[in-house]
Amino acid sequence: MHTRGDAVVRRREDGALELRVNGVFVMDDVETTSERLLARAALAGAANPRHVVVGGLGMGFTLREILADRRVSRVTVAELEPAIPEFMREGTLPGADLLADRRVELHVDDVREVVRSLGERSVDVILLDVDNGPDFLVHDRNAAVYQAPFVAACADRLSDLGELCIWSMDDSAPVRDALAASFDHVYAEQVPVRLQGRAEKYWLLRGRVPRR
């Protein structure tokens, strides 16, 4: 087990590598379908995803999928917990190669501050995977990530046909309402997964900017 600040990385008895932050299970390396689909779905929906913003580094599966798309030339990553990139650089978590990629700009900061620092219409895709959804927060202050003011800030930073994509353990009517306040096109996509032998489902909640 490796502990640094609020972050804990441990190898479970089943062999899986698990990441917890602030006592909350974040993810493991057994079922990564939704993290990779989060990237693919948003990139597929964007007209030209040159600049992508990722909220939440986690174990890097979403970021790796984004970097595999040759259209992407810049990825701004916001990670609130400084221990996570430190674990990657020292090899406790895989992903040192991701942080070394010249297209990646890592900010150890709140994703809300990172997004607000960007210019209007300067981003093509924003992916938010900072919690297990609005009802399963890693930190209480993350509740604001799913509320209308920050969703509106994301919409202002997105280019024409750009997309905001939010990962969640459950569908969320309040998040869909927040999206609908800023986006003309809102989608809720169910993602089937297998968790410890059980059939479960996650959700991708998405808003797309029209051509302006």
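This section describes strand pairing, one helix packing, the cysteines and two glutamates in a predicted model.

Strands of a sheet pair through backbone hydrogen bonds, either parallel or antiparallel. An open sheet is formed by four strands in the order β1-β2-β3-β4, and the pairing in this sheet is antiparallel. The edges are taken by β1 (2-4) and β4 (24-28); each has a single partner strand, so one side of each is left without a neighbour in the sheet. On average, and with direction ignored, neighbouring strands of this sheet are turned by 20° against each other.

Within this sheet, strand β2 (residues 7-11) and strand β3 (residues 17-21) run antiparallel and are joined by five bridges. In this pairing, Leu17 of β3 stands opposite Arg11. Helix α3 (residues 83-90) lies across β1, β2 and β3, and its direction is at about 135° to that of β1.

A second group of strands is arranged around β8. Strand β5 (residues 51-55) runs parallel to β8, and four bridges join the two. Leu128 in β8 stands opposite Gly55. Strand β8 is also joined to β9 by five bridges, and these two strands run parallel. Here Val123 has Leu158 in β9 as its bridge partner. Between β8 and β9 the chain passes through helix α6 (residues 148-157), giving a β-α-β crossover that is right-handed. Strand β8 spans residues 123-128, and six of its six residues are buried, so the strand is largely enclosed by the rest of the structure.

Strand β9 (residues 158-168) contains Glu163. With a relative accessible area of 0%, Glu163 is buried, because buried means under 20% relative accessible area. The side chain of Glu163 takes part in polar contacts with two arginine side chains: that of Arg206, at 2.6 Å, and that of Arg208, at 3.2 Å. When neighbours within four places in sequence are left aside, the residues in contact with Glu163 include Arg206, Gly207 and Arg208. Asp124, Val125 and Ile126 are also among the contacts of Glu163, as are Ala41, Ala42 and Gly45.

A second glutamate, Glu65, is found in helix α2 (residues 61-67). Glu65 has a relative accessible area of 22% and is partly exposed. Not counting residues up to four places away in sequence, Glu65 touches Arg36, Ala39, Arg40 and Leu43. Arg40 lies 25 residues from Glu65 along the chain, and the C-alpha atoms of these two residues are separated by 7.1 Å.

The cysteines were examined for disulfides, and the count comes to zero. Cys154 is in no disulfide, and the cysteine sulfur nearest to that of Cys154 belongs to Cys165, 12 Å away. For Cys165, the closest cysteine sulfur is likewise that of Cys154; the separation of 12 Å is too far for a bond, because a disulfide requires the sulfur atoms to be within 2.5 Å. Cys154 is buried, with a relative accessible area of 0%. Cys165 also counts as buried, at 0% relative accessibility.

Methods. Residues are numbered from 1 along each chain as its sequence is written. This is a predicted model: local features need pLDDT of at least 70, side-chain atom pairs count only at pLDDT 80 or more; totals for chains, interfaces and linings use all residues. Side-chain values use heavy atoms; hydrogens and water are left out. Two strands pair if DSSP finds at least two bridges between them. Axes are lines fitted to C-alpha atoms, for helices over the stretch in contact, and angles run from 0 to 180 degrees between N-to-C directions. Contact means heavy atoms within 4.5 Å. Buried means under 20% relative accessible area, exposed over 50%, partly exposed in between (1.4 Å probe, protein chains only). A polar contact is a pair of N or O atoms within 3.5 Å; within protein, one must be able to donate a hydrogen and the other to accept it, and residues adjacent in sequence count only if both atoms are side-chain atoms. A crossover is right-handed if, with the strands pointing away from the viewer, the path from the first strand over the helix to the second runs clockwise.
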